[in-house]
Amino acid sequence: MAGIRDIVGENKSRLPHVSRRSLLVGATAAGGLAIAWSLWPRDYQPNLTAAPDEHVFNAFLKIGDDGHISAIVPQCEMGQGVTTLLPQIMADELGADWRTIAVETAPINPLYTNTLLVDEDSRVFTPRSGVPDFVSDVRSWARREWAVRHAVMLTANSSSVRMFEGPCRAAAAQARALLMMAAAKRWDADWEQCDTQDGFVTFGKKKLRFGEVAAAAALLEPPAEPVYRASSPDPLYGKELTRLDLPAKIDGSANYAGDIRLPDMVFAAIRQGPLGATRLKGIDRKKGHASPGLLHVVTHERWVATVARNWWAANRALDRFAPVFETSGTPISTGRIDKALKAALKDDGYRMSSEGDVGEAMTGRTKIAAEYAVAPALHAPIETRCATAAPDGARLRIWVATQAPAQCRDAIARATGLAPGNVVLFPMMAGGSFDACLDHSVAVQAAIIALQVKRPVQLAWSRAEEIMRLPPRAPARAKLTATLNAAGGIDALVTRIAVPPTNHEVRDRLFDNTPPDVAQRAAAGRADAAAVDGAASSYAIPHHAVDHCPADIGLPTGRWRGNADSYTAFFSECFVDEMAARAGTDALSYRMAMLGNAPLLARCLLTATSLGGWEGGLSGTAQGLACHSMRGSHIALMATARQSDRGLQVEQLVAVVDAGRLVNPTIARQQIEGGLIFGLAAAVGATTDYEGGVATARKLGQLGLPDLSQCPQILVEFIDSDREPGGLGEIGVPVVAPAIANAMFAATGRRIRRIPLSAQPV
């Protein structure tokens, strides 16, 4: 076995609750180290814009004289329903009429920092710290303080409700108290005896609309601590309310970055060279300038862009310019990637987690091993990356979908030489993202082009550009080695995963605007705990260890829906199935025997097999199982899949989920169904080969995505729970590929150890 280097993790904690009108970072955190920061403590105020008849109550709520309520949402709406979920939480606590709720995107402000995400994924979303690892409390404090001061308003990791339910509910409770205070003054009553319901403040039979007291209420001082509603006869929390963004999306009035239209606006297309350390060498200016409709050509050391009256003319002009690029180093190819992964798997690794003593447990015993592989996974959203930029005197306005607005603004400022305060960012909805909107290249490019041509410009990437330029989820290779006890159960397990240290790359690109090839080279060889998330599964295995074997594949990689869990669950769940078959035990019983410490996951598994009609996984049944836990949620999936004349045919997916309290069951179901389909797409396609530094796929139709006729019947059930909400956006993705692979073994007797799934083993 290759050598192991130990990695010591750090403790995680949550940022304390903060006040209504401001965020006051406590000076007692981390003790005396606080004096190292200037202007400590800091007080941040809301920077919302209000119309003449609107009144700002706090960073999350505005109320108008006409009774409308503007809920401020600090997260990117990319289909997950956050612009309904957070307003629903606030409306319920406020006692509002749902018909009066409107939504606004939050401006950049430290008040909206996603401290939960910064704590959970500190390996990714904070810069490197000079504080030693062993001073964990200081590191945690410094990390959160840095994130707050830099307004790290990230949307990722299924964290929107988990992070903002508390602040949104507190904001609504404080606004409710102010409304009751203002009404009580009119009635000469005790405000604490008042209540709210359906947009009215009530006191006995007396009623006042919110709009009637909003102006007076906004001037009052709220209680020191939020006063929450005791109960409601008709709560909005938990109701299947219609999404607020749905009507506009149906009638086409919803605006995305590509829908922005400005006076004198022109359209740009872009061509970037092969992946790697690439520079623009030259263009054919004579032929290019003869292109019909061409207005401008903008060259950059890494790309060339054309500007025309419409995007089609701009894109066609790129072919006439025939840009030539030069790339240093060995070109990226699928063969090189596979070779690097195999070499890394045999090389020394870093031990990221362990329990028991795997060395002792495996000494002198028969070992069973299997290898698995996954290809790069593409985001493939319907909307390609797009941004609209407009010079405005000394300022630049830009419209773009982003999951990190402050970091996007800062990247634009650095690239253009503008002060961050002179970059006015309008965060837009995303037409799908799956973490693609953590990449800010298109916004930076649009800004550079607009400033050079001195007029509003809309830049949209072609599908081919997006397939190649958006860093995919990393490819990976794994070897799982186990020893079994007398009953055939797993006694010891070592999981070795060869995969790039993606999260170091992401951090450098996100916070330092480092070019992808530079970030990739800088990250090579480094340990990355997040790269093996989910490999230490919920199963009670006495001795187990997880090793990360960093692979230098040359290909820049990025975050993706489900991230590492999307491949670690495939490795673990397929291997467990193989061990069950080896022991001659039903796959359900085999799993249940190891889930004594995970009762919530066990319940999901039993419920899924009951609903799906589990037949024991016998040969010919075409049924397979997989289960997984992440982000505070648990899922079990039973898949029915067969080989047909058209290839792999998935007939049914039965999923049971325990995600704690559900704010809106309809949206929760949509997220699970969407995750299952996304996982299916990744199981059968959503990838590309690379040759000579370029992706071989150019269109959606070349990605092997399933069409409607190939989509299975889907049944989703939720376990009733009063636990804190868990994440829903990603939990459906990891279990699909292993459940289908296990079903195919039951149907054909052949093991599939590769994603995309194929008939041949690795």
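This is a short chat about two helix pairs and one glutamate in a predicted model.

Me: Hi! What should I know about the model before we start?
Reply: It is predicted, so local features need pLDDT of at least 70 and side-chain atom pairs count only at pLDDT 80 or more, while totals for chains, interfaces and linings use all residues. Residues are numbered from 1 along each chain as its sequence is written, and side-chain values use heavy atoms, with hydrogens and water left out.

Me: Cool. At what angle do H14 and H15 pack?
Reply: Helix H14 (residues 502-512) and helix H15 (residues 516-523) pack at about 140 degrees, with axes 8 Å apart. Helices here are DSSP runs of H or I, at least four residues, numbered from the N terminus. Axes are lines fitted to C-alpha atoms over the stretch in contact, and angles run from 0 to 180 degrees between N-to-C directions.

Me: Which residues meet there?
Reply: His504, Glu505, Asp508 and Arg509 in H14 meet Pro516, Ala519, Gln520, Ala522 and Ala523 in H15. Contact means heavy atoms within 4.5 Å.

Me: Switching topic: where is glutamate 212, and what does it touch?
Reply: Glutamate 212 sits in helix H5 (residues 210-217). Leaving aside neighbours within four places in sequence, glutamate 212 is in contact with Asp65 and Arg186.

Me: Why is glutamate 212 called partly exposed?
Reply: Because its relative accessible area is 42%, and buried means under 20%, exposed over 50%, partly exposed in between (1.4 Å probe, protein chains only).

Me: And how far is glutamate 212 from threonine 483?
Reply: Their C-alpha atoms are separated by 72 Å, and the two are 271 residues apart along the chain.

How values were computed. Helices (H or I, at least four residues) and strands (E, at least two) are DSSP runs, numbered from the N terminus.
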